[in-house]
Amino acid sequence: MIRLSIKRFKYNEEGLSRFFGPLEARIMELFWDSKQGEFSIKEVQQCLDSEKNINFNTVMTVMNRLVDKGVLKKRASGRVSLFSPIQTKDEFLEEQSKKLTENLLDEFGGVVISH
């Protein structure tokens, strides 16, 4: 399993948009805010569709990309794929904060510690 690696931390963005694209962030918020646990692509599309018309194939592509990035897992249930988050939101943010700090230390050393 590949875990999301910070390639470009977006300082000018807020919240999950610092790590994800806009639709990826909305999908992850949906998973983390829900008590449901697992969602099919169609269920995610229907939840997002209340905001604006989002194509099923677009949602499918983004969710599979989130699986490839190691933040969602996918399992088959009959003919439907069900997705769920690998980590809680707090676990994700803690891991990403640690990676970001390590990257800053590697690149800037003592300057990071003094700040």
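**Exercise 1. Are Trp-32 and Phe-92 buried or exposed?**

Let's work through this predicted model together.

Step 1. Start with the burial: both Trp-32 and Phe-92 are buried, that is, each has under 20% relative accessible area.

Step 2. Now look at the geometry. The ring centres of Trp-32 and Phe-92 lie 5.4 Å apart with 40 degrees between the planes, so this pair is tilted.

Step 3. Place the two residues in the fold. Trp-32 belongs to helix H1 and Phe-92 to helix H4 (residues 89–108), so the pair ties together parts that are 60 residues apart in sequence.

Step 4. Widen the view: Trp-32 and Phe-92 are linked by ring pairs with Phe-19 and Phe-20 into a cluster.

**Exercise 2. Find how Phe-31 and Phe-39 are arranged as an aromatic pair.**

Step 1. The structure holds 4 aromatic pairs, and Phe-31 with Phe-39 is one of them.

Step 2. Their centres are 5.1 Å apart and their planes stand at 90 degrees. An angle over 60 degrees counts as edge-to-face, and that is the class of this pair.

Step 3. Check the surroundings: Phe-31 and Phe-39 are both buried.

**Exercise 3. Work out which helices supply the largest nonpolar core, and which residues touch the most other members.**

Step 1. This core has 23 residues, and those touching the most other members are Phe-20, Ile-27, Val-44 and Met-63.

Step 2. At least two core residues come from each of helix H1 (22–33), helix H2 (41–49) and helix H3 (56–68). H1 gives the largest share, with 7 residues.

Step 3. Zoom in on Ile-27. Leaving out residues up to four places away in sequence, Ile-27 touches Val-44, Leu-48, Val-59, Val-62, Met-63 and Leu-66.

**Exercise 4. Describe how strands E2 and E3 pair, and then place Ser-84.**

Step 1. Strand E2 (residues 72–77) runs antiparallel to strand E3 (residues 80–85), and 6 bridges join the two. One bridge to look for matches Ala-76 with Ser-81 in E3.

Step 2. Find the turn: E2 and E3 make a hairpin with 2 residues between them, and Gly-78 in that turn has a positive phi of about 70 degrees.

Step 3. Move along to Ser-84, which sits in strand E3. Its relative accessible area is 10%, so Ser-84 is buried.

Step 4. List its company. Setting aside neighbours within four places in sequence, Ser-84 is in contact with Phe-31, Gly-37, Glu-38, Val-71, Leu-72 and Lys-73. You have already met Phe-31 as the ring paired with Phe-39.

Key: Residues are numbered from 1 along each chain as its sequence is written. This is a predicted model: local features need pLDDT of at least 70, side-chain atom pairs count only at pLDDT 80 or more; totals for chains, interfaces and linings use all residues. Side-chain values use heavy atoms; hydrogens and water are left out. Two strands pair if DSSP finds at least two bridges between them. Helices (H or I, at least four residues) and strands (E, at least two) are DSSP runs, numbered from the N terminus. A nonpolar core is a set of buried Ala, Val, Leu, Ile, Met, Phe, Trp, Tyr and Cys residues joined through side-chain atoms within 4.5 Å. Buried means under 20% relative accessible area, exposed over 50%, partly exposed in between (1.4 Å probe, protein chains only). Contact means heavy atoms within 4.5 Å. Rings of Phe, Tyr and Trp (its six-membered ring) pair if their centres lie within 6.5 Å; planes under 30 degrees apart count as stacked, over 60 as edge-to-face and the rest as tilted.
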